[in-house]
Structure formats: C-alpha cells, structure tokens
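This report walks through cavities, pockets, a helix and salt bridges. Keep the coordinates open while reading.

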Amino acid sequence: MIRFGIIGAGRIGKVHAKTITEHPDAEVIAVSDPFGTAAEDLAGPLAAKAYKEAEQIFADPDVDAVVIGSPTPLHVDHIIAAAKAGKAALCEKPIAMSSDEETRLREGLEGIDAKVMLGFNRRFDPSFKQMHDLVEAGEIGPVEQLTIISRDPAAPPKDYIAVSGGIFKDMTIHDFDTARYFLGPIVSVQATGQNLDPDLADTGDFDAAVIILKNAAGAVATIVNSRHCATGYDQRLEAFGPKGMLFADNVRATTVRLSKDHYSDSAGPYLDFFLERYADAYAIELSTFIEALRDGTEISPSIDDAFAALKVAEAAEKSARGGGETIIL
C-alpha cells in the first residue's frame, strides 16, 4: 500500500485524491493547503491528516509519496524537498516557470535516488496510448505529420491566467509532450498567437495559437489551440505516415447518434472538461506510477521529459512574440 500526501487541495488535488482513493494499493493519508479550510475540506471525508504547510507532509513519516499540485513556482522546491525526505513524487505540469530552474533542480537532487513522475497524463489516455503503440509497431510507417487539436470549452479565470505562465506553458505544454511522445526530440518551433477574445484582451496572453514543430528527421507536428470551444472540450489526434493514418476522435458521454428528416448523425456534445475527458488517463497514470515504485522500473514521463517540453513552450512563446522560427539546441 502506497500512502500518499497531497500538496494542494484545489481542483487538481481533488482529481488526484479521487484516483488514489479508488486505487486498491493506495490511500490518501495527508493533505496540505495554506488557504482557508481547503486542506480540512478535502482530508476530512478521507479520514486523512490536514496540514497548512507542505513541509509538514515532507516531515510526516507515514507518507510514502506525494502528489505535487502546488502552484508552479513551488514545484522545484517541492520536488527537492520530497526527494530529500525519501518520498516519491508525482508532480503536475509544468515542472517550473522557466527552464533556467533545471540546473537548480539537478543540483538539489544530486546524490539522491529521486523517484519523480511528471503529470503528462495524456500519454496514458487509452486512445492516444493505442495510437502510440501502433506507431511503435510500424503500422503506418514513420510518422510524417502529427496533428493535435486541443481546445478548452472556456478560458480559466483571469487571475489564474496571470500566474499560469501563459498559454504555452499552461495549456499547450500537454500538446508539446504529446508531440515529443510521438516524434521524439523537437528541433524547431514556429508559433502564431491569436488575440480574438475581447474578454481576455487585457491579460497579456494569447487566447489561441497554432504551432508547428519539427523533429530532426523532418516530421512535423501541427498543434491547434483555443481557450474557447462552443461544442465542449475538443481533443483530437491524427498521425499520418506512408503506410496509413491513425485518428482519435472526441469522446462523448454516449455513442448515440440521431438521424431525422432535417438532419443526420446528430450527437451529444463533447465531454465538458479535462476532468471528465481524461478521467481514465489520470487513473492509469497513477497505476503506472505505483507499479514503477513497486517494481523498481523506470519512471516516465521523467524530469527530462518535463524540461524538454518546457523548452519547447519557451521557444513557442518567443516565436509567437515575433521571433519567427525558433531553433531548439
């Protein structure tokens, strides 16, 4: 049984609390959050300890592993603290606000057998994972073009956007990791940011973007993002190669379609948000983390994956702000 402490009792902390509670080999025994009664509210129904400070979780000898759902600027400090306390860590994305933090993290973990997984949960989505397995099996030949469409149903609050690091680090970072998952290392980035939503005009951030990534072999990933989508949480993936094509469509609550005299194939809306769309992915992510801890196998996605995706995000930001094509060394 892996005993978890959850750092951060907000939306993502609640997601992880649910997956841990439902796993037969895991339990939540502590929650920390400095704001109001958030820790108590999440910990109470789970019969877990409630702490104000993350340091109390690191010091708790009953905690085997931590879920780091704290604000991004604290991720590096919390990963280092968990490792020094001998606790494994499942850290939410992005790993840091800047790739400049990589040196500090590496130095902080020097000499420690740190067990850290990054929360790129889309790798564990059953449809995307099956596509990846088929690509690895050579079913379509080497991927030449990857198309990723990722649109949110609505933008997050402005106060969240202000501290999120921007659309590329906060939202597209999942797509950058997906692109690397299929194409390997990315060598160049070209991004166009859009400001089309008047309600977000004063945020200083883009509300939509189109990004083109290229790997060393010349394969290209095209990513399409938007902060709003009238039809729900739009998540599609296509991989094209010389021997065929793979496609993962949006997920709906049911597969029912209605045809009548004035229309055909009418279906329900896409699932409303990432909590519903990627519920299975979060559960599989946790299971994979627990299995790696139990079996002593390699943990992935890793710190290397996290900083690689972050560097792509920074290159996209530079390109979108007028830098043209950005080369990643």
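## Enclosed space

The largest cavity has a lining of R122, F128, I148, I149, S150, D175, T178, Q235, R236, L237 and Y278. This comes from a predicted model. At least two lining residues come from each of β7 (145-151), α9 (173-183) and β11 (234-241). By class, the lining holds 5 nonpolar, 3 polar and 3 charged residues. The volume of the largest cavity is about 50 Å³. With a threshold of 30 Å³ or more, the search counts 1 cavity.

## Open space

The largest pocket holds about 1200 Å³ of space. Its lining runs to 44 residues, with R11, I12, G69, S70 and Y160 nearest the centre. Four helices each give at least two residues to that lining: α1, α3 (54-59), α4 (75-84) and α7 (158-163). The classes here are 21 nonpolar, 12 polar and 11 charged.

The two spaces compare as follows.

| Space | Volume | Nonpolar | Polar | Charged |
|---|---|---|---|---|
| Largest cavity | about 50 Å³ | 5 residues | 3 residues | 3 residues |
| Largest pocket | about 1200 Å³ | 21 residues | 12 residues | 11 residues |

## Helix α1

Helix α1 covers residues 11-22. Does its length fit, and what span should its 12 residues give? At 1.5 Å a residue, the expected span is 16 Å, and the end C-alpha atoms lie 17 Å apart, which agrees. Several α1 residues are buried: I12, G13, V15, H16, A17, T19 and I20. One of them, I12, is also among the residues nearest the centre of the largest pocket.

## Around α5

D100 sits in the loop between β5 (88-91) and α5 (101-109). Its relative accessible area is 65%, so D100 counts as exposed, the cut-off being over 50%. In sequence, D100 and F307 are 207 residues apart. In space, their C-alpha atoms are 9.5 Å apart.

Within α5, E101 and R104 form a salt bridge, with an N to O distance of 3.0 Å. The two are 3 residues apart in the helix, which means a separation of about one helical turn. An α-helix has 3.6 residues a turn, so residues three or four places apart point the same way. E101 is partly exposed at 22% relative accessibility. R104 is partly exposed too, at 33%.

## Salt bridges across the chain

The whole structure contains 25 salt bridges. Which residue does D177 pair with? The partner is R123, and the closest N and O atoms are 2.8 Å apart. This pair connects distant parts of the chain, 54 residues apart. D177 belongs to helix α9, while R123 lies in the loop between β6 (116-118) and α6 (126-136). Are these two residues buried or exposed? Both D177 and R123 are buried.

R227 and D170 make another salt bridge, with closest N and O atoms 3.4 Å apart. They too link distant parts of the chain, at 57 residues apart. R227 is in the loop between β10 (220-226) and β11, and D170 is in helix α8 (residues 167-170). R227 and D170 are both buried.

Shared partners also build a network: salt bridges join R3, K49, D60, D62 and D64.

Definitions and conventions: Residues are numbered from 1 along each chain as its sequence is written. This is a predicted model: local features need pLDDT of at least 70, side-chain atom pairs count only at pLDDT 80 or more; totals for chains, interfaces and linings use all residues. Side-chain values use heavy atoms; hydrogens and water are left out. The expected span of a helix is 1.5 Å times one less than its number of residues. Buried means under 20% relative accessible area, exposed over 50%, partly exposed in between (1.4 Å probe, protein chains only). On a 1 Å grid over the protein atoms alone, a cavity is a set of points where a 1.4 Å probe fits but cannot get out, and a pocket is an open set with protein on both sides within 12 Å along at least five of seven lines; lining residues have an atom within 4 Å of a point. Grid points are joined across faces, edges and corners, and a volume is the space filled by probe spheres set on the points. Ala, Val, Leu, Ile, Met, Phe, Trp, Tyr, Cys and Pro count as nonpolar, Asp, Glu, Lys and Arg as charged, and the others, Gly among them, as polar. A salt bridge is a side-chain nitrogen of Lys or Arg within 4 Å of a carboxyl oxygen of Asp or Glu.
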